[in-house]
Amino acid sequence: MNRQETLQMIKDNPDISVLIIGAGVNGIGTFRDLAMQGIDVLMVDKGDFSAGASAGSSHMLHGGIRYLENAEFRLVREALHERNRMLQNAPHYAKPLKTTIPIFKWFSGMLNAPLKFLDILDRPGERGAIVIKLGLTMYDWFVRKHRSMPTHDFKLKDAALKEYPQMNPNITCVATYYDAWMPYPERICLEMILDAEAINPDCHAVNYMSAVDGDNNSIMLRDEVTGEFYTVKPQVVINAGGPWIDFVNERMGQNEQRFIGGTKGSHLILDHPELLEATNGSEIFFENDDGRIVLIFPFVGKVMVGTTDIHIDNPDDAVCTEEEVDYILGMIDKVFPSIEVNRSHVVFRFSGVRPLPYSDASTTGQISRDHSIKSIPATGDLQYPIHSLVGGKWTTFRAFAEHTTDVTLKDLKRPRKTSTQNVSIGGGRGYPQSEQAINNWLQNLQHKTELPLERLRELFDRYGTRAEVVAEYISQGNDQPLEHHSVYSQREIEFLVTDEKLVHLDDLVLRRSLIAMLGFLNAELLSELADVTANALGWSDALKQTEIERTIQILHKNHQVELNPTPISK
Ligand SMILES: Cc1cc2nc3c(=O)[nH]c(=O)nc-3n(C[C@H](O)[C@H](O)[C@H](O)COP(=O)(O)OP(=O)(O)OC[C@H]3O[C@@H](n4cnc5c(N)ncnc54)[C@H](O)[C@@H]3O)c2cc1C
């Protein structure tokens, strides 16, 4: 079903079992789980899928060693198991990541946890080698029965400086352990949506569709493309609005309780080969002098650096400010003091708002990263319960979705049929497990499509086994590399545009691909992408120009990427 057909269906059948408001990773995870239980679900998002906090994260799949200090053992254990599941279920987009902590002292921070427990310490303090050793031992222990990556290791100063010659010589030692990262969180989200819709034809996800109003038995949705309104009558509402949860509840006339106290976090993408080399393939994870966690890590040939943690009331206002850029660039100096990094290296900035539970903690680092469901029951005149999904990590989305699905199934008096624990995601399905198996897989695909092996390898690296459908599409017509970014071809872009629920041009450059994030976008490339998109979707010249201008504005406002508009080419 295309978007238009789905909208018509909503008009014709307003009665649905479940409405999910918000298509970030938590809404999407729940959508997929409910789809697998045979429930009919409509999921809407006011913007593109996963364009909120789920696109603004640090791209880590991690247990969160820092949370041990806040005694969040349940969360860390769960997150480590979910991290391992993602490595297994989405091997194309979840990658092991060697992580190195530069350590400057031996004993500091030993009293942090007990003092926090006694409520005497309310801000993070520096952690020395002993505390980090304790944390990493626990980290390893939590997954001892399902180990998929090496255990932690310490190196004294001399050995550490051999491995990281540019590192600050004032270190006493480094600790190394393994977590995981995701180059394409937005594509994981999209693939889960496509999987869910393929499994259950009664499940539909619509982007650019806002929940704007609600009464006791219906919710009004507004199509942000046409301005048209739709009314649906759900039996259960799941408010997966992330940092917007309180705004969504307010729209539905539920404004008695405040659930969210969001904090903004910003990241920079740097084009800096020397810094990239200095990381030696490792995430460098440390704390700044103010106790904030800092990460510097190799990101698809660039370097990602973050992050900040600033209270914010309206998530729509979240952009990375000049002060944050100064702060983030300044942090690098603590670990790599001899490397010059300045604004000229920044190719992209982005911000997200953590949907943290509302709290009166004096420092944001103290607020729990665990997830919970806050339910407003269907009592009195209210005909449907509203379950708000508060907090959580990207890493733990599947567990959170499972919990939410169980609560929803109980409302609907329906049984759980199956678990998502071992279900592969999109291009992680049938993923070849060794280099030899990958080569065989590529050779088979070459027989089918007659595309060059190097090209197929490129597609495999970008889409996992979903490369098969991409390659088949490419091979069915005349194709050529893009003139202004030859790692993509015209038909590959056409595939993304027509098969991946694209509504606006910025969906393509920001979420279906990493083109903007990696700093490859310029005015000529944007114009070329707009041509391909317009041809594929039948846009008029006027609409194409409007889309180019919209993309330029979003890149300017949200990512401080400046493109000069070029005149329309046709
Ligand atoms: C800076 C930062 C760094 C992070 N780093 C990590 C990390 O490294 N690892 C990790 O595991 N986690 C990390 N997280 C946490 C993780 O990203 C979030 O917990 C998770 O993405 C939240 O997902 P969500 O679906 O709840 O919210 P979101 O992704 O924000 O989704 C909510 C959606 O609701 C939509 N919406 C809002 N109002 C309406 C409406 N009226 N109608 C329809 N739709 C609406 C929004 O458009 C949005 O898409 C980080 C978060 C941030 C901000």
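How do the residues of the shell around the ligand divide into nonpolar, polar and charged? I took this up first, in a model that is predicted.

**Entry 1. The ligand shell**

I counted 15 nonpolar, 18 polar and 4 charged residues in the shell around the ligand. Of the 37 residues around the ligand, I noted D45, S54, M60, G392 and T395 as those that come nearest. I then looked for the elements that supply the shell. At least two residues of the shell come from each of α2 (25-36), β8 (209-214), β11 (263-270) and β16 (346-354).

I next listed polar atom pairs between ligand and protein. The side chain of S54 places an N or O atom 2.5 Å from an oxygen atom of the ligand. For the side chain of T395, the distance from an N or O atom to an oxygen atom of the ligand is 2.6 Å. At K46 the partner is a polar backbone atom, 3.0 Å from a nitrogen atom of the ligand. On its own the ligand has 1,000 Å² of accessible area, and the protein covers 96% of this.

**Entry 2. The chain as a whole**

I recorded 18 helices and 18 strands in the chain. The C-alpha atoms fill a box of roughly 65 × 60 × 45 Å along the principal axes. I compared the radius of gyration with the value for a compact globule: for 570 residues that value would be near 25 Å, and the 24 Å of the chain agrees with it.

Of the 570 residues, 59% count as buried. The accessible surface of the chain comes to about 23,200 Å², and 51% of it belongs to carbon and sulfur atoms. I also checked how far along the sequence the contacts reach. Among contacts between residues at least 6 apart in sequence, 71% join residues at least 24 apart.

**Entry 3. Helix α16 and D506**

Why do I describe helix α16 (residues 505-512) as largely enclosed by the rest of the structure? I do so because 8 of its 8 residues are buried. The buried residues include the charged D507, R511 and R512. I found that the buried residues of α16 pack against α7 (185-199), β16, α15 (490-499), α17 (523-537) and α18 (541-559).

I singled out D506, which lies in this helix. D506 has 2% relative accessibility and therefore counts as buried, the cut-off being under 20%. Its side chain makes a polar contact of 2.8 Å with the side chain of R550. D506 and R550 are 44 residues apart along the chain, yet their C-alpha atoms are separated by 7.8 Å. Not counting residues up to four places away in sequence, D506 touches Y208, R511, R550, T551 and I554.

**Entry 4. T100 in strand β4**

I located T100 in strand β4 (residues 95-103). T100 counts as buried because its relative accessibility is 0%. The side chain of T100 makes a polar contact with the side chain of S282 at 2.7 Å. Leaving aside neighbours within four places in sequence, I listed the contacts of T100 as Y164, V174, A175, T176, S282, E283, I284 and F285.

**Entry 5. N168 in a loop**

Is N168 buried or exposed? I found N168 in the loop between α6 (157-163) and β6 (173-181), and at 10% relative accessibility it counts as buried. The side chain of N168 reaches the backbone nitrogen of N170 at 2.9 Å. A polar atom of the same side chain lies 2.8 Å from the backbone oxygen of K334. Residues up to four places away in sequence aside, N168 touches F104, L161, K334, V335 and P337.

**Entry 6. Backbone geometry in loops**

I looked up three backbone features.

- G306 and T307 are joined by a cis peptide bond, with omega about 5 degrees. I placed T307 in the loop between β14 (302-306) and β15 (310-311).
- N280 is a residue other than glycine with a positive phi, near 50 degrees. N280 lies in the loop between α9 (273-279) and β12 (283-287), and its 40% relative accessibility makes it partly exposed.
- E450 is not a glycine, yet has a positive phi of about 60 degrees. E450 lies in the loop between α12 (435-449) and α13 (453-463), and counts as exposed at 69% relative accessibility.

Notes
Residues numbered from 1 in each chain as written. Predicted model: local features only at pLDDT ≥ 70, side-chain atom pairs only at ≥ 80, totals over all residues. Heavy atoms only, no water. Helix = DSSP H or I, 4+ residues; strand = E, 2+ residues; numbered from the N terminus. Buried < 20%, exposed > 50% of the residue type's maximum accessible area, 1.4 Å probe, protein only. Polar contact = N/O pair within 3.5 Å; in protein donor to acceptor, adjacent residues only side chain to side chain. Contact = heavy atoms within 4.5 Å. Near = heavy atom within 4 Å. Areas by Shrake-Rupley, 256 points an atom, 1.4 Å probe, with all protein chains shown as cover. Rg over C-alpha atoms; globule rule 2.2 N^0.38 Å.
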